[in-house]
Amino acid sequence: MAPLSKFNLKPVEQLVLQGTSFCNIDCTYCDLSPESRRTKSQMPIDLALRLVSELIGEGLLGPELVVVWHSGEPLTLPPDYYAEAIEAITTLCQKHAPEVSVTFDFQTNATLIDDAWCDFFEKYASVVNLGVSCDGPEELHGAFRVDRKGRSTFDSTMQGMDALDRRGIKYNVIAVVTRRTLANPEAFLDFFFNRRRSLTDFHINVLASPIADGGDLQYGSTDRSTFCQFYRRMFAWWEAKRTAGEDFPIRNLSQALERLEMYGRPNAPCYVRETSAPLRSLNLDTAGNLTTFYAGLDIATEADRYGDGAGLSLGNIRCSSLADMLRSSKLAMMMDDFNSSHRWCAEKCEYFSVCPGGFELIQWRDKDNVGRDTPETVECVIHAKALTDAALDFIDSSDRS
Ligand code: SF4
């Protein structure tokens, strides 16, 4: 059997477990298929334990492992399920890999948070971090974060966040940005600023890809200056707060500045390669399929690319060992594809050194479907280039203190 070192694999830092693919709401822009969101599945805890045990056996855990429950609404399963899973995973690691520190993240829409969930989060506060998905004021959040009848979920999300606030349970927020957000970034940010005492971090996700005919969910390369202006206004708002002595974390902005600060340094990381390094992030779905390269990757993505109808799946932990999956020719083929993308970017794109990466699958889709002969995608322009331009303007701005 080929040694794993041949594949230059990194230790697993993040293990995304799809406890369930079911979601109690129906966001317009959700990446999961409508079928999986409606399926009341539940990952058997033994399945997660089998994977963790094989990771330990192969020596593939680093000093810290973050287990994330995501890809479906985790809180549609009861607290007891997670209590059992946390205890079992922690016990397994303490016994066979005591040097690994394990923590657990939940990414939730917050609509189901009640006293019982607050009891659970309090009990496991030393090992659990909570992330809430909220898109801001009602006119933004309620436009796309809707229930199965198309009604806004704003009130139920606020009810959940208020329940956490009353109990002093802190959380980070991820907010999706659509065209609607662009008109008034200050009001969008003020909404979260007003809840800053409860927040540990704040992160925006510009809608992953434009949705054709999606109205406010569409964007294109011609929107570069509009998005750049949005990011500029975010920087200006952020700086005004900082100067007034009110630091507010906005992860995207600080990371863009950090990447620019590292530019040209001999020890600068290659972000594009690191973002999709195999194994750093592993996803296990409820059926036992294992994917890597991106957090939350679905096996339906690029389903036919490798001829087995299983997309970028490494295999299924129910019927293959992790060792076999990691030494498979399919993983080698996938790594070749990612490496080709990275070489293409390095050769053609002047933003390569400061690009956060993560656009490879979109490049492949554009090459196959649109015949585009450049690594640049619409997402590159809107997510990476417009943000970098705004960050450079911020650094250059003469009126900064
Ligand atoms: S912006 Fe796009 S083309 Fe440029 S390095 Fe990043 S992924 Fe590659």
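This short talk walks through some aromatic contacts in the structure above.

Hi everyone, and thanks for coming. Please keep in mind that we are looking at a predicted model.

Let's begin with the rings. How many aromatic pairs does the structure hold? The total comes to 31. I'd like to pick out one of them, Phe 106 with Phe 121. Their ring centres sit 5.8 Å apart, and the angle between the planes is 80°. That makes the pair edge-to-face, because over 60 degrees between planes earns that label.

Now, where do these two rings come from? Phe 106 belongs to strand β3, residues 101–108, while Phe 121 belongs to helix α4, residues 115–123. The pair therefore ties together parts that are 15 residues apart in sequence.

Are these side chains buried or exposed? Phe 106 is buried, at a relative accessible area of 1%. Phe 121 counts as buried too, at 4%.

Phe 121 also has a ring partner in Phe 120. Here the centres are 5.5 Å apart with the planes at 70°, so this pair is edge-to-face as well. Phe 120 is buried, with 5% relative accessible area.

If you follow the ring pairs outward, you get a cluster. Phe 106, Phe 120 and Phe 121 are among its members, and so are Trp 69, Tyr 81, Tyr 82, Phe 104, Trp 117 and Tyr 124.

Finally, a word on charges over rings. Arg 196 lies over the face of Phe 193, 4.0 Å from the ring centre. Arg 305 lies over the face of Trp 364, with 4.0 Å to the ring centre there.

That's my tour, and I'm happy to chat about any of it!

How values were computed. Residues are numbered from 1 along each chain as its sequence is written. Side-chain values use heavy atoms; hydrogens and water are left out. Rings of Phe, Tyr and Trp (its six-membered ring) pair if their centres lie within 6.5 Å; planes under 30 degrees apart count as stacked, over 60 as edge-to-face and the rest as tilted. Helices (H or I, at least four residues) and strands (E, at least two) are DSSP runs, numbered from the N terminus. Buried means under 20% relative accessible area, exposed over 50%, partly exposed in between (1.4 Å probe, protein chains only). A charge sits over a ring if NZ of Lys or CZ of Arg is within 6 Å of the ring centre and within 35 degrees of the ring normal.
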